[in-house]
Amino acid sequence: MRVSTVAVLIALVAGASAPARAQDYGDRRGLAGSLGVGYTSVGASCIPECAVDRQQGLSFFLHVAGHVSPQFTLGVETSLFQDAAVQYLTPGKGTWTSAFLLLSAQWYPSVDSDFFIKLGGGIATSKLDLPFSGTGIQTLTMSDFGGSVGIGRDWLVGERVGLTTFADALFTPRSRALINNADSGARVTVDQLRAGIAISIP
């Protein structure tokens with residue numbers, strides 16, 4: 001992902017630190033949620049060293065939550081990234097799928113704020129389907145704890161409908177990698193760097 005692209009997207013979100021607009025955020029209550037898309041860079045770090053380049057593309061996410069108070073929201077969020085052009089140890093291109101299912105907490109610094117900070121924790125899975133001549137598709141899988149940290153800003157466009165811009169990082173610890181359900185001996189950590197926009201009920 002180009003640094004300039006990331007900088008522009010994060011700057012859009014970081015504009016959230018500006019004074020809040022004249023909108024009534026003190027009425028945050030009940031259910032909240034968002035459905036969105038992000039431009040994402042996914043990478044892996046391995047022991048022993050691996051040769052998978054970072055992959056860029058779109059990821060999709062769904063967030064369903066409830067307001068505990070006008071400043072605090074608890075919810076569940078899922079994120080999915082898939083790239084069908086991964087090159088690793090073979091001339092053929094494989095498919096990389098990375099998914100997160102997280103419990104998330106979202107905090108607005110003040111009642112009138114449209115800016116929020118978000119933390120999450122849950123489960124992450126990654127799968128690489130790689131074509132090898134003679135042996136066919138070999139599947140590399142990793143499953144472990146997944147975490148996230150991010151920022152965002154709500155932009156109301158109606159009484160209860162808005163747009164949310166966001167930037168976040170999702171990550172896993174170093175996890176055991178399985179090849180066709182057998183231990184490969186490799187230990188892999190996966191991360192997603194993402195910035196995007198969502199249709200939301202803030």
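**View 1. The charged end of R153 sits over the ring of W155.** This close-up comes from a predicted model. Look for the ring centre of W155: the charged end of R153 is 4.1 Å away from it. R153 is not alone in doing this, as the next view shows a charge over a ring too: there, R194 sits over F61.

**View 2. F61 meets an arginine and another phenylalanine.** Here the charged end of R194 lies over the ring of F61, 5.1 Å from the ring's centre. The count of aromatic pairs comes to two. One of them is F61 with F166, an edge-to-face pair with 4.9 Å from centre to centre and 75 degrees between the planes. The pair ties together distant parts of the chain: F61 belongs to strand β2 (residues 55–69) and F166 to strand β7 (residues 162–171), 105 residues apart. Are these two rings buried or exposed? F61 has a relative accessibility of 6%, so it counts as buried. F166 comes out at 4%, so it counts as buried as well.

**View 3. Q192 is tucked away in strand β9.** You'll find Q192 in strand β9, which covers residues 182–201. Its relative accessible area is 0%, so Q192 is buried. What does the side chain of Q192 hold on to? There's a polar contact of 3.0 Å between it and the side chain of S98. Setting aside neighbours within four places in sequence, Q192 is in contact with quite a list of residues, among them T40, S41, V42, F81, F100 and D168.

**View 4. H67 shares a polar contact with T73.** H67 is part of strand β2, the strand that also holds F61. With a relative accessibility of 12%, H67 falls under the 20% cut-off and therefore counts as buried. The side chains of H67 and T73 are joined by a polar contact of 2.8 Å. Once residues up to four places away in sequence are left out, H67 still touches R28, R29, G30, L31, A32, F72, T73 and P202.

**View 5. Strand β6 pairs with both β7 and β8.** Follow β6 (residues 136–156) and you'll meet two partners. With β7, β6 forms a hairpin that has five residues between the strands. These two pair in the antiparallel sense over ten bridges, and one place to look is S148, whose bridge partner in β7 is L170. With β8 (residues 175–179), β6 also runs antiparallel, and two bridges join them. Here, L140 has I179 of β8 as its bridge partner.

Definitions and conventions: Residues are numbered from 1 along each chain as its sequence is written. This is a predicted model: local features need pLDDT of at least 70, side-chain atom pairs count only at pLDDT 80 or more; totals for chains, interfaces and linings use all residues. Side-chain values use heavy atoms; hydrogens and water are left out. Rings of Phe, Tyr and Trp (its six-membered ring) pair if their centres lie within 6.5 Å; planes under 30 degrees apart count as stacked, over 60 as edge-to-face and the rest as tilted. Helices (H or I, at least four residues) and strands (E, at least two) are DSSP runs, numbered from the N terminus. Buried means under 20% relative accessible area, exposed over 50%, partly exposed in between (1.4 Å probe, protein chains only). A charge sits over a ring if NZ of Lys or CZ of Arg is within 6 Å of the ring centre and within 35 degrees of the ring normal. A polar contact is a pair of N or O atoms within 3.5 Å; within protein, one must be able to donate a hydrogen and the other to accept it, and residues adjacent in sequence count only if both atoms are side-chain atoms. Contact means heavy atoms within 4.5 Å. Two strands pair if DSSP finds at least two bridges between them.
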